[in-house]
Structures are given as structure tokens and as C-alpha cells.
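Biologist: I should like to learn how to read a model of this kind, feature by feature. Could you begin with the backbone?

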Amino acid sequence: MRNLEILTEEDKETLDLPRTTVDEVGKQNKKKLYIESYGCQMNFSDSEIVTSILQENGYATTSLFDEADVILLNTCAIRDNAEQKVRNRLKNFTHLKKKRPSLVVGVLGCMAERLKTKFLEEEKIVDVVAGPDSYRDLPNLFEEVEEGNKAINVFLSKEETYADISPVRLNSNGVTAFVSIMRGCDNMCSFCVVPFTRGRERSRDVYSILKECQDLLDNGYKEVTLLGQNVDSYKWASADGTETVNFAQLLERVALINPLLRVRFSTSHPKDITDEVLYTIKKYENVCNYIHLPAQSGSSRILKLMNRTYDRDWYINRVDKIREVLGEECGISQDIIAGFCTETEEDHQDTLSLIEYVRYDYGYMFAYSERPGTPAAKKLVDDISDDEKQRRLAEIIALQRKISQERNEMSVGTIQKVLIEGDSKRSADFLQGRNDQNKMVILPKGNHQKGDYVNVKITSCSSATLFGEVE
Ligand code: SAH
Ligand code: SF4
Ligand code: F3S
């Protein structure tokens, strides 16, 4: 899953980061809620569920934290620096809490789930700790705080999918939206904290997903991104067992809602992505030609230690199949970890050669960060020095950047169908949108509006962006 916390500065400029919430004016008598999100799209999507639950319970949102009655940070635990960011942010609120002791500070999400009561011990300004499956309980937790206590709920559920909650679209550009189709993860990749912070994998009711997508379309949205840690293992069955839906079938049903509704999805696990999914992408014009397919490493030995359950050959076979079914122009992106336990120079070279082989459009690349309690932390030694991790990471990023540039240059001179998302961040004379392969395209404003599909002739590019003119 794309992790917003690790985007480059350039990426950030092109994204509407939902730092805060929409303002609801005229609700002065209500308690004011300020919410900030860190980590992956799932967390950003969860903040929209949290806001919905709290609005139902008499809270109004504000984008100004210093006027809030409740400040919530929806946190990420994926790497140590993600946690440090949250701890630093909490420091910013200390003076507010001193001035106004009635201010409630809550931490939600993966770091809350990982640290549990330790959060309350280590960060004195925190009043509420709530894990990803406990958001319906937030109003009760706030009540406990009003009674003078600290409040915590980190119970992980096997069933909770928040299927019936209509998310309040916080970071909305009014055109694209995230739709959560499953929660949790059962994979146990050895480096990863997610199975511990988000619990068992469960799939959301297909009808609630279809309804949410239809509602979005009815409200003017033109694109949905179906979210899960491993969307290819989506599996839903009706209560009487007569109807079952796998991911390819879900994708098809969402695609059939309306050809004007674009459909994206993230994340695909290389072990599970099926040919059926690839043929569904091919069959429907509105299912985007783009697959986020995290590799993590190009070395079979490292992949085994990571417990990814596929090897280099398997991964290459999946990429070959994508190219066979969807062609050279299908966008593919990666996640890669540099400097995992015992990684040798040879393993690192295997990663570089995999990047060369696949020719990814772009990627999200990280230095390995040991997470307490994970299988890798228990059984393996984090033995690659920080300097060495950084050197390997820099090589991986440089190679990816070169290939991204080359891949983008292939688009120059072609016509791309772009869904306009709004004004370009750099200039109000330009618009920005994305093409089928999820690439950002900048074009002169003309008479186009956000939400329009326009055919754009690409005239130039950088490694991150395409520039063009309307045909
Ligand atoms: N479910 C997705 C990944 C979600 S986490 C998948 O399986 O592909 C997003 C990315 O963070 C991962 O793909 C991985 O590259 C990175 N990541 C996870 N744990 C990490 C760790 N301990 N150190 C560094 N990067 C990590
Ligand atoms: Fe983490 Fe692996 Fe699950 Fe992805 S599939 S969330 S990397 S355990
Ligand atoms: Fe996402 Fe971070 Fe949790 S990447 S699932 S918010 S640990």
C-alpha cells in the first residue's frame, strides 16, 4: 500500500495531504474535533470513518488544532521514523494542554495498537489510546476522560469492517476517493508490524462496497481506489454461503457500476495476484492499467527470510504475465527494503537487477527498520549498518529514478486520457490529473474542470510527472 508518510517532497506537492479536516461552520455549540493522519492510505481512510462516527455523536470538525476540544493523531508504526514523527508532533500540543487542561489528546491507529498502555506511560499528554478496531468506542472513551480517567481500547476484532459507516471525505478533491474493502493482514512477512497492529484479515461485505462506490459516483466522484493490505485475498461469502466473491469478481462488479467511474486498487501481493485479475483489468476500460506490486527484494534468499512466500522467479513470472496480458504500457510500481538482515552485496545486486528487469514506473523505497516483536526482530539480527543501508538505498533510488525518467519519456508524444483532479500545486494556470497508469499529468487550464476526462498529448516529462497539452 502506498505509504504517504514516505513520499518525496516533490510527490507531496502534488498530493492533497489530509493534514486536517474540513471545517464545518455554524456548529459552534458542538465539540470541535481536529484529526491528523500518518502512514498509509488505510489510515487516511480510517480517519474518515472516525470522523463519521464522531459527527454522529455530536462533534464538528475543525482545521485549526488550537481551537479543538479533541485532537486525534491517527498513527503509523511501520518504521521507527514514522513513530518519531508522531512523538515530535505530540510535543507541539504540550503548551495547548497546559493552557487548556480540558483538551483531550488521543492517539489512534497502528502505533496506538503497538504501544498500548505504554503510550499513556511514555507520553503524558495522551488521554486516549484507541486501536484500529475500536473506533466505534471513541465516544465512550472520551466520556471516561471527562470523568477524569485515561482511556484505552486496543481490542482487535475478527469481524469489524465498519461496513455500515459512511466515511466523511476529509481529504477530498471531490473526484477521487479511497474505499476500504478489507482490514488486517494474515501474511506475517517477517519484517512487518501490520499483522500485530491491524489483526486478522477480514473482507468487507460486497454490497456495502458497491453501495459506497455508487454513492460516491452519485456525489460527483469519478475514481475509487479499493484498499486492502493484500487485495487479491479478498473473499466474501453471503451468510447462507450461496454467493461468494473473489477480488477479480469484486473488481468487475465495481467496474460495471458505471464506465465513467475509474477503478484502482492497492496493494497486490505477488503471491496472490491471479491471471483472472489481469484479464479483468484488460476487459474493462475503466479499471486502471496500473499495479502496485511490492517486491521487497530481488534476492530469493532474502525473500525467504522475509517470509514473503514467493521467490525471484515467481515474481518475474507474475511480471511477465502482466506484460503478456496488459502490455508494456501497464504501470507497475514497487516497494523495496534495503539492508534487511544478513543482506549481502550480492543480494543487493539482485535487487538492482530485478529493478532493471521489471522497469518499474516508480517505487517506494526504504531502509530496513527493525520493529519490536516482529518475527525478524525475534529470530534475525539487524546486522547491516545504517551507513551501508543508506548507501544501498541511495543506489536503488538512483536506479529507479533513471528508469522512471525513461518510462515517462516513452509517453512523450502519446495521447493520454487524464482525469482532472484540480489545480496544479505549482500554478493556478495549470491543472493536474492522473492518467490510466496513475502518473501525474500537468496541463494548461483551458476550459476544463476537475472531474473532467480529457485527452492530453504529452509533450515533456520529469521522472515524477508528465506535462502535456489538451488534444
Ligand atoms: N501490504 C503491503 C505493504 C504494506 S507496508 C505489501 O505486502 O506489499 C508498506 C511498505 O512498507 C512495505 O511494502 C515495505 O516495503 C515497507 N516496510 C514494512 N515494514 C518495514 C520495515 N520494518 N522496515 C522498512 N520498511 C518496511
Ligand atoms: Fe505487512 Fe506482509 Fe501483510 Fe504487507 S502482506 S501488510 S508487508 S505482513
Ligand atoms: Fe498503514 Fe502504518 Fe499501519 S503503513 S497499516 S498505518 S503501520
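Modeller: Thr 309 is placed in the loop between helix H12 (300–305) and helix H13 (312–326); helices (H or I, at least four residues) and strands (E, at least two) are DSSP runs, numbered from the N terminus. Although Thr 309 is not a glycine, its phi is positive, at about 65°. This is a predicted model, in which local features need pLDDT of at least 70 and side-chain atom pairs count only at pLDDT 80 or more, whereas totals for chains, interfaces and linings use all residues; side-chain values use heavy atoms, with hydrogens and water left out. Residues are numbered from 1 along each chain as its sequence is written, while chains are lettered from A and ligands numbered from 1 in the order in which they are written.

Biologist: Which peptide bond is cis?

Modeller: The bond from Ser 266 to Thr 267 is cis, with omega near 10°. Thr 267 belongs to the loop that joins strand E13 (262–266) to helix H11 (275–283).

Biologist: How should a UniProt domain be read, and what is the content of residues 31–147?

Modeller: UniProt positions follow the numbering used here, feature names are shortened, and annotations may be inferred rather than shown by experiment. An unreviewed UniProt entry lists residues 31–147 as "domain: MTTase N-terminal". That span is 49% helix and 21% strand, and its end C-alpha atoms lie 16 Å apart.

Biologist: Where does UniProt place the feature "binding site"?

Modeller: The unreviewed entry places this feature at Cys 40, Cys 76 and Cys 110. They span 71 residues in sequence, yet no two of their C-alpha atoms are more than 10.4 Å apart, so they gather at one spot. Cys 40, Cys 76 and Cys 110 are included in the lining of the largest cavity. On a 1 Å grid over the protein atoms alone, a cavity is a set of points where a 1.4 Å probe fits but cannot get out, and lining residues have an atom within 4 Å of a point. Cys 76 itself is in the loop between strand E3 (70–75) and helix H3 (80–92).

The record also gives "binding site" (unreviewed entry) at Cys 185, Cys 189 and Cys 192, and the lining of the largest cavity includes these residues too. Cys 185 lies in the loop between strand E8 (182–183) and helix H8 (194–198).

Biologist: Which cavity does ligand 1 sit in, and which residues come nearest?

Modeller: A molecule sits in a cavity if more than half of its atoms lie within 2 Å of its grid points. Ligand 1 sits in the largest cavity. Of the 16 residues around ligand 1 (a heavy atom within 4 Å), the nearest are Gln 229, Pro 294, Gln 296, Asp 335 and Ser 369. Strand E15 (331–338) and strand E16 (362–367) each supply at least two residues of this shell.

Biologist: What are the polar contacts of Asp 335 and Phe 191 with ligand 1?

Modeller: A polar contact is a pair of N or O atoms within 3.5 Å. A side-chain N or O atom of Asp 335 is 2.6 Å from an oxygen atom of ligand 1, and a backbone N or O atom of Phe 191 is 3.1 Å from a nitrogen atom of ligand 1.

Biologist: What surrounds ligand 2?

Modeller: Its surrounding residues include Cys 185, Cys 189, Cys 192, Phe 191 and Gln 229. The space taken by ligand 2 is the largest cavity.

Technical notes:
1 Å grid on protein atoms, 1.4 Å probe; cavity = no way out; pocket = protein on both sides within 12 Å on 5 of 7 lines; lining within 4 Å. Polar contact = N/O pair within 3.5 Å; in protein donor to acceptor, adjacent residues only side chain to side chain.
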